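Let's take a walk through this complex together, one piece at a time. Keep the viewer open and turn the model as you read.

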Amino acid sequence: MTFMRRQLPIIIAFVLGVFTFIIFFIPSAASQEAGLTLDSWVAIISAFAMVLGINSILGQHIERVGKRRPGYGYSWVLILSFVAMTIAWIPWWRAPELGAPVTSYYPWGGLENTTGVFSWMFFNMMVPMQATVFSILAFYIASAAYRSFRAKSSQALVLLVAAVLVMLGRVPLGTSLTGWISPESTFAWLRLENITGWLLNVPNAAGFRGIVLGVGLGIIATSVRIIFGIEKTYMGGGD
Amino acid sequence: MRAGTRNRLFCLIAALAALAFIPFAHAANDVGSAAPFAGAVPPPITPRVLLAFQQPEEIEVRDLPNDDGTSIVITWRQSPSQPEKVRYTVYFSEGPDGPYKPLPFDFRSISLDENLMAENLQYFSYKREHRNYHYAIINLTSFDESAANEYENAMLVYEDKLANGLPAGPEPVLYEYDLENLYFKLGVTTNGSVRLFDLVLHADPVEQWFDWSKFNVLIMGVVFVGVILFMIETARRKDMYIRRIAGLDAVDEAIGRATEMGRPMFYLCGLDPMTTVSTIAATNLLGHVARKVANYESKVKVPCFDPIVMSVCQETVREAYFEAGRPDAYNPDNIFFLTNDQFSYVAAVNGMMVREKPAANFFFGYYYAESLLLGEVGQSTGAIQIAGTDSNVQIPFFITSCDYVLIGEELYAASAYISREPKLMGSIKASDMAKAVILIALLAGLVFSIALYFGAKANPQHPLGVFGEWMEYFMEVFNQHAG
């Protein structure tokens, strides 16, 4: 049992980790095929894991409804929505005939049938709700920017000045403020679009690349720890 | 008008009218090797600019190196002729004698200053002289793909006609190219006119078993792995210093605060699946957090975006509770799956934050546009927030909305930092050593670039001679050689 829980996962991680590392350097069709097969396995495992996920969320909400916990009405919404979308998705009742129109084999399910129930629910309920949540981001960006750009320290002041310059340099109104400086003159670097470009391409890019380098090395180091079984916390249990 | 004259005039008009319906064969091009066309009607006259174009030298074809044996590459030296609006093109034939036709798939013609061998180090070694050579890669599987597409489209039309009772003609047949007998000709084109050069080109692609363009990656990877293993061994024998990471020090503080307030904590592992290293790092850190939570008899909730991540998190937290001697306190319902739809997940987590008012929120792993949505809502509830992500575009959003942020690699170092395990600390030290090597390489690259800049002022064609070429080669070793 210990072998199944401890050694076997480490062996699998080591073998597949080394194998994946090796096939990265082999361009032959067989090697690429093996890589794709591994990807397929991941997709298959993910599909099975989705059953666990559905069991998790439905189980919790059914229990909440059963025990009439506070807010159980929302659990009803989730359960009914899940059932409705699942039934509406059922794609076909029989195999489609050659050349048959989409609506005949997607009677009310499937995104392909644009007049079907599922399609209607997806595009008229899911998509607007997703867009609504996403659009809240605009307000949060404003509140976060307000909080961040308060010049409470010298560092915050630098951030504020840089942010104002970049924002101005990215809009026509802002660039028109320094439009009177000739692009050929010695002082062309004072044009807002040039200052913005320098801020983005020099200090910003330098910091960005520093982070990317560190991340790359960190990924390799973590991968080595996992492949060689040094890091085992992700399997549960200690180090 | 007399009848005879009228008849002759009528015959003359009729003859002229008939001439208009006779399909004249275009005059054969009598210069160079202008292509015999099939499929596309050629223009009757090859433009003067193409006729005057000097045929490039050293036109060669060979197997494309470092590939899976499906492609060939045509290379040629830049032509002295540099007229505007003229581009190189490639025609093919199923046999050396023609007819040569345009490639059946999307093949972008090549301008006179692009596709230089020096710019594609995935397939060609770095040499200065390669700046004077063009290349064109022909993937032979594209022939079959284009035939399959054509067949599929023809079948759709055919079936549609059958379904509507229209005359459909014979059933389309899938054309199979004779890939072993494909011959090519290089040519130049402008405004739809083409002139093909004489040389007939043919090569057989060969499958490769090692991608030499990745040899530098292999060497650096093996050296780095060796250094990691060496440092891990070293760390077993002596203590190693690791700098303070404020965000990780604050983890204990956040757990203590939640315990005192009697409120739960939320721990998110990001939106990426278990196959990404940042998610693995997040689950590693979850193990440490869960152990402390179990010790303090507090409560951590882990809403998951991915069912596999959920399973791993459940196992990690369960083991942590067991190790802390509190298996009875473990509740698997606290680690649950929500949805794998991005904004639905955000809405659900934000709803829980607003309702349950957690004392602490941990955002570790990889995040996308939802980072600020989560951070701002958590901030509005008054929770202490600690984030850690390697998504560099989301780091600013976390910095504005969270109390502490682990930037990039700090997320990977978290497990070692908290546990202080020598074998984990060793890998952190190895990363630092690798960074030092990269720093030296960057400085060398900077010095070489400056030297080459001034060298180019003296000799634009060959700055600093062979030594300069060696410098350029050194910098290319660290380049990403993407095709």
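**A helix and its buried face**

A good place to start is helix α8 of chain B, where Phe343(B), Tyr345(B), Val346(B), Ala347(B), Val349(B), Asn350(B) and Met353(B) are buried. Bear in mind from the outset that this is a predicted model. What do these buried residues pack against? Within chain B, they meet β9, β10 and α9 (370–380), and from chain A they meet α5 (117–148). The helix covers residues 342–356 of chain B, and its length can be checked with a simple rule. At 1.5 Å a residue, its 15 residues should span 21 Å, and the end C-alpha atoms are indeed 21 Å apart, so expectation and model agree. Just after α8(B) comes Lys357(B), which takes a positive phi of about 45°.

Two of the partners just named, β9(B) and β10(B), run parallel and are joined by 2 bridges. Within that pairing, Phe266(B) has Lys301(B) in β10(B) as its bridge partner. Strand β10(B) is mostly covered, with 4 of its 5 residues buried.

Now widen the view to the sheet. In chain B, 6 strands form an open sheet with parallel pairing, in the order β11-β10-β9-β12-β13-β14. Which strands stand at the edges? They are β11 (335–337) and β14 (404–407) of chain B; each has a single partner strand, so one side of each is left without a neighbour in the sheet. On average, neighbouring strands of this sheet are turned by 15° against each other, direction ignored.

Helix α6 of chain B, residues 277–296, also packs on this sheet. There α6(B) touches β9 (265–270), β10 (300–304), β12 (360–366) and β13 of chain B, and its direction makes about 160° with that of β9(B). Towards the β14(B) edge, β13(B) spans residues 384–389 and runs parallel to β14(B), with 4 bridges joining the two. Look here for Gly388(B), which stands opposite Leu406(B) in β14(B).

Next, turn to chain A. This chain has 8 helices and 0 strands. How does its radius of gyration compare with that of a compact globule? For 239 residues a compact globule would have a value near 18 Å, but chain A has 28 Å. Its C-alpha trace spans about 75 × 50 × 50 Å along the principal axes. Of the 239 residues in chain A, 15% count as buried. Taking contacts in chain A between residues at least 6 apart in sequence, 29% join residues at least 24 apart.

The two chains come together through 53 residues of chain A, which are in contact with 67 residues of chain B. On the chain A side, the elements that give two or more residues are α2 (29–66), α5 and α8 (192–227). Of these, α8(A) gives the most, with 16 residues.

Finally, how far can you trust the picture? The predictor gives the complex an ipTM of 0.87 and a pTM of 0.79. Chain B averages a pLDDT of 86, and 90% of the residues score at least 70. Over residues 19–39 of chain B, however, the pLDDT is below 50, although this stretch has 28 contacts in the model beyond near neighbours in sequence. Where pLDDT is low, the predicted coordinates should not be read in detail.

Note on methods
Residues are numbered from 1 along each chain as its sequence is written. Chains are lettered from A and ligands numbered from 1 in the order in which they are written. This is a predicted model: local features need pLDDT of at least 70, side-chain atom pairs count only at pLDDT 80 or more; totals for chains, interfaces and linings use all residues. Two strands pair if DSSP finds at least two bridges between them. Axes are lines fitted to C-alpha atoms, for helices over the stretch in contact, and angles run from 0 to 180 degrees between N-to-C directions. Two residues are in contact if their C-beta atoms, placed from the backbone, lie within 7 Å. The expected span of a helix is 1.5 Å times one less than its number of residues. A residue is buried if 20 or more other C-beta atoms lie within 10 Å of its own, exposed if 12 or fewer, and partly exposed in between; C-beta atoms are placed from the backbone. pLDDT is the predictor's confidence in each residue, from 0 to 100. The radius of gyration is taken over C-alpha atoms; the globule rule is 2.2 Å times the number of residues to the power 0.38.
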